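Colleague: I am new to this structure and would like to understand its pockets. Could you show it to me and explain the terms as we go?

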Amino acid sequence: MSADQDNRWLAAAAALAARGRPLSRPNPAVGAILVKDGRVIARGWTQAGGRPHAEAIALAAAGDAARGATLYVTLEPCAHQSPRGPACADLVAAAGLARVVIGCHDPDPRTAGAGMARIKAAGVPTELIEHPACRASLAGFLTRCAHGRPDVTLKLALSADCRFAPPQGQWLTGEVARAHTHAWRARMDAILVGRGTLDADNPRLDVRLPGLAGRSPERWLLTKGQPPQGWHCLPTPQDIALLAPAQYLMVEGGAETARAFLAAGLVDRMMLYRAPQVVGGDGAALPELAAEALAGSTQWTCIDSRPLGNDRLDVYERK
């Protein structure tokens, strides 16, 4: 197939991998697609608890039809045996495939190139592309391997003057923006706020979308004191390794918590929900996160900006 087709199928596999997040923990959420004669004959994604793996699901679904097909998989097939299942590299090598295209190298030292080598040794042409969408779909896993911490998303709802507090008894953002937030919460392993937010709002931090209540993330509190029942304690941002094996953390605290994580260099992504109204007053504010201030930033680049009802979402990633 052409490079364009390879990229297209890997992007599709990356989108498929999202179905496994975050339930696949402690394993990464991987997507796999088997293609023959230009059509999908089977697909799979990492199941809850981390097994079966995406490749095993897709190959089992295809059966004998896998012979002569191309496997597109977002992460290098694992090379290590597990009591819960065979090494995917062995399954792939024995499937009679015509070709394997991999979207991301596996940094886990138990695989780290050994998976590809085993498949190639079986005579199966194998290519590693390092596809951007595949890497993005594995951000939590890659960040944990590289830095020993989860991928961190800072989510804030800000007024037009970059303040937090709406008028008493009102929401700052509208229903569309709030639903979007809940959809992202469902993709997180953990969610964190500061003591000030807990005391002021007593937030539930759950997922309030139909059918997704079971995806509510663990609740963490940034405090050196005792957390409430049902919460976990993170003394400082620098103690973030305590969240293991979580791969994805959303920080939803106020200005003090946001600044603490930003100052520590622990924010990988910012999702800023901007409401049109001006709050005013002398409450907490983050003027450094105004769109105009971030436009010339040497640290952040805007990767997405879209309307959500009357509000706007700006997404920034660290450069």
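**Two pockets, question by question**

Modeller: Gladly! About 450 Å³ of space lies in the second largest pocket, and please keep in mind that the model is predicted.

Colleague: What makes a residue part of the lining of the second largest pocket?

Modeller: A lining residue has an atom within 4 Å of a pocket point. The second largest pocket has 24 lining residues, and Arg21, Ala136, Trp184, Arg187 and Arg269 are the ones nearest its centre.

Colleague: Why are Arg21 and Ala136 put in separate classes?

Modeller: Arg counts as charged and Ala as nonpolar, so Arg21 and Ala136 are classed apart. By class, this lining holds 15 nonpolar, two polar and seven charged residues.

Colleague: Which element gives the largest share of that lining?

Modeller: Helix 1, with four residues. Among the other elements that supply at least two are helix 5 (132-137) and strand 11 (269-274).

Colleague: How many cubic ångströms does the largest pocket have?

Modeller: Its volume is about 1200 Å³. The largest pocket is lined by 39 residues, with Lys155, Thr197, Asp201, Pro203 and Glu252 closest to its centre.

Colleague: Why is helix 7 called a helix, and what does it give to the largest pocket?

Modeller: A helix here needs a run of at least four residues, and helix 7 spans 175-185, so helix 7 passes that length. Helix 7 gives the most to this lining, six residues.

Colleague: What is the make-up of that lining by class?

Modeller: There are 19 nonpolar, eleven polar and nine charged residues.

Key. Residues numbered from 1 in each chain as written. Predicted model: local features only at pLDDT ≥ 70, side-chain atom pairs only at ≥ 80, totals over all residues. Heavy atoms only, no water. 1 Å grid on protein atoms, 1.4 Å probe; cavity = no way out; pocket = protein on both sides within 12 Å on 5 of 7 lines; lining within 4 Å. Points joined across faces, edges and corners; volume = space filled by probe spheres on them.
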